Amino acid sequence: MFDTIKNLLAVPELKRKFAITLIILAVYRFIAHIPVSGVDTAQLQAFFTSNQLLSLLDVFSGGTLINFSIVALGLGPYISASIVLQLLTMAIPSLEELSKEGDLGREKINQYTRLVTIPLAFVQSLSVITILKSQNIIVNQSPLQLMTMILTMIAGTIFLMWLGELLTEYGIGNGISIIIFSGIIARLPVTFLQTASTVSLDQTTTIITVALLSTVVIAAVVAVNEAIRKVPIKYAKRVRGSRLYGGQTTFLPLKINQAGMIPIIFAVSLVLLPSLAGRFLTSSANQSLVSLGITITNFFNPGGIWYNLIYFLLVVGFTYFYTAIVFDPEKIADQVKKNGGFIPGIRPGKPTADYLNFILTRITLAGALFLGIIAILPSIAQGFTGLTNLTLGGAGILIVVSVVLETAKQLESQLVMRSYEGFIDR
């Protein structure tokens, strides 16, 4: 491992990319501690500490929400915009054609994603400020000052988006994923200290349980993230001139978790809306609205069975939905047919597409159930251990492990190109 790192740093290009990555992450962590003016940060931190929902959002934002920094929204609006554009690509033929035009088409879609990010950031920043006003954390602010706060938060999201694109182009790994990863990692010490402060020395069983659970979750995430279903494909022999082509056997790798972490991010943004709306209604002067808000808040309590059941079902549903977007069996079957390939025992064309769809449906069920369990893991862990501030949970671990594996594979490919030993032990 140390020899591999030495070889990695011995390559000038990789050394430069590594340095750029560190600089960009340092800039990100610096601006994550610059607060927006007009907010009582002490009262804000007390409010976040007492609210498990907001603590979960703060973990995903890398601590920018609890500081209410200029990048408080994080990359949430950009991720939402990316999902919206992917859905529109399926629904609008012109966008689908644009996505097939190579680098130029992808660049145009990326530009559309950036434009969609702005109104989404406006809506999210307005929602956050409205909630904080209802809790008297933001007081005595004129409309101009409130608009300034909204524009500042929008500018912070755009700046983060720019940093992510810079990191993708000049650094190591996927820039957006690396920024999210660094934010979660930055919150780990705080989360660990908060958890440790509630555990006494005589609770040895609880400490061992948390350590074993964390190890099992990490191992399971790695196993599922790397698990694939190999579909064998044979290519017929073809004679062109005096040469013989084809005749080899390969396989089509179908990942069990095709959707990655997107279903959890999408589901958590939806399942938190009723709770946030309920807390907003509790600050109303109308007693009927207050009662309604209390009912909604209690029903969607993160520790309650209904909240976790709805969360679990949303993750499972979005896993199937997003898998259907990123993997098209008919397109894959058509490409295999054009290249002269076939699945043994399956006729080319529509039968191949139906067979791939059948396999994908079965393996996606396993991936969807795994993601659903990972999503509600904090509640399960709290039930076993009694700890109320395990806010990181399996979703954060899934993101961290996925980004580490993805970055390691990219470094592996860079080292293989230069004839060095593999970055990942085989």
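## Pockets, cavities and contacts in a predicted helical model

Sort the residues lining the largest pocket by class and you get 19 nonpolar, 14 polar and 12 charged. Here Ala, Val, Leu, Ile, Met, Phe, Trp, Tyr, Cys and Pro count as nonpolar, Asp, Glu, Lys and Arg as charged, and the others, Gly among them, as polar. This is a predicted model, so local features need pLDDT of at least 70 and side-chain atom pairs count only at pLDDT 80 or more, while totals for chains, interfaces and linings use all residues. Residues are numbered from 1 along each chain as its sequence is written, and side-chain values use heavy atoms, with hydrogens and water left out.

**The largest pocket**

A pocket here is an open set of points on a 1 Å grid over the protein atoms alone, with protein on both sides within 12 Å along at least five of seven lines; a cavity is a set where a 1.4 Å probe fits but cannot get out, and lining residues have an atom within 4 Å of a point. The largest pocket holds about 1700 Å³ of space, volume being the space filled by probe spheres set on the points, which are joined across faces, edges and corners. Its lining runs to 45 residues, and Ser82, Gln86, Ile262, Tyr322 and Val326 are the ones nearest the centre. Which helix gives the most to that lining? That would be H6 (residues 76–91), with 8 residues. Helices are DSSP runs (H or I, at least four residues), numbered from the N terminus.

**The second largest cavity**

There are 2 cavities of 30 Å³ or more. The second largest cavity has about 50 Å³ of space. Around that space sit Ile83, Leu87, Ile262, Pro263, Phe266, Phe318, Phe321, Tyr322 and Ile325. How does that lining split by class? It has 9 nonpolar residues, no polar and no charged ones. H6, H12 (262–281) and H14 (305–326) each supply at least two residues of this lining, and H14 gives the largest share, 4 residues. Ile262 and Tyr322 turn up here too, having already appeared among the residues nearest the centre of the largest pocket.

**A nonpolar patch outside**

On the surface, Phe122, Val123, Leu126, Met147 and Leu151 make a nonpolar patch of about 420 Å². The elements giving two or more residues to this patch are H8 (102–134) and H9 (143–170), and H8 has the largest share, 3 residues. Patch members have over 30% relative accessible area and no salt bridge, and nonpolar side chains (Val, Leu, Ile, Met, Phe, Trp, Tyr) are joined within 5 Å. Areas come from the Shrake-Rupley method with a 1.4 Å probe, and for residues, only the protein chains shown count as cover. Phe122 is found in H8, and is partly exposed at 33% relative accessible area. For reference, buried means under 20%, exposed over 50%, and partly exposed in between (1.4 Å probe, protein chains only).

**Salt bridges**

The structure holds 5 salt bridges, each a side-chain nitrogen of Lys or Arg within 4 Å of a carboxyl oxygen of Asp or Glu. The table gives some of them.

| Pair | Closest N to O |
|---|---|
| Glu13 and Lys17 | 3.8 Å |
| Glu107 and Arg114 | 3.6 Å |
| Lys350 and Asp354 | 3.0 Å |

Take the Glu13 pair: Glu13 and Lys17 both lie in H2 (residues 12–31), 4 residues apart, about one turn of the helix. Glu13 is partly exposed at 33%, whereas Lys17 is buried at 16%. Next, Arg114 counts as buried at 17% relative accessibility, while its partner Glu107 is partly exposed at 41%. Lys350 and Asp354 both lie in H16 (residues 350–375), again 4 residues apart and about one turn of the helix. Lys350 is exposed at 59%, and Asp354 is partly exposed at 41%. As for shared partners, salt bridges join Glu107, Arg114 and Glu165 into one network.

**Contacts across the sequence**

H16 also holds Ala375, which is buried with a relative accessible area of 7%. How far apart are Ala375 and Val315 in sequence and in space? They are 60 residues apart in sequence and 7.6 Å apart in space, C-alpha to C-alpha. Glu330, in H15 (residues 329–338), is exposed at 60%. Glu330 and Leu356 are 26 residues apart along the chain, with 8.6 Å from C-alpha to C-alpha.

Conventions
Patch = residues over 30% accessible without salt bridge, like charges linked within 9 Å, V, L, I, M, F, W, Y side chains within 5 Å.
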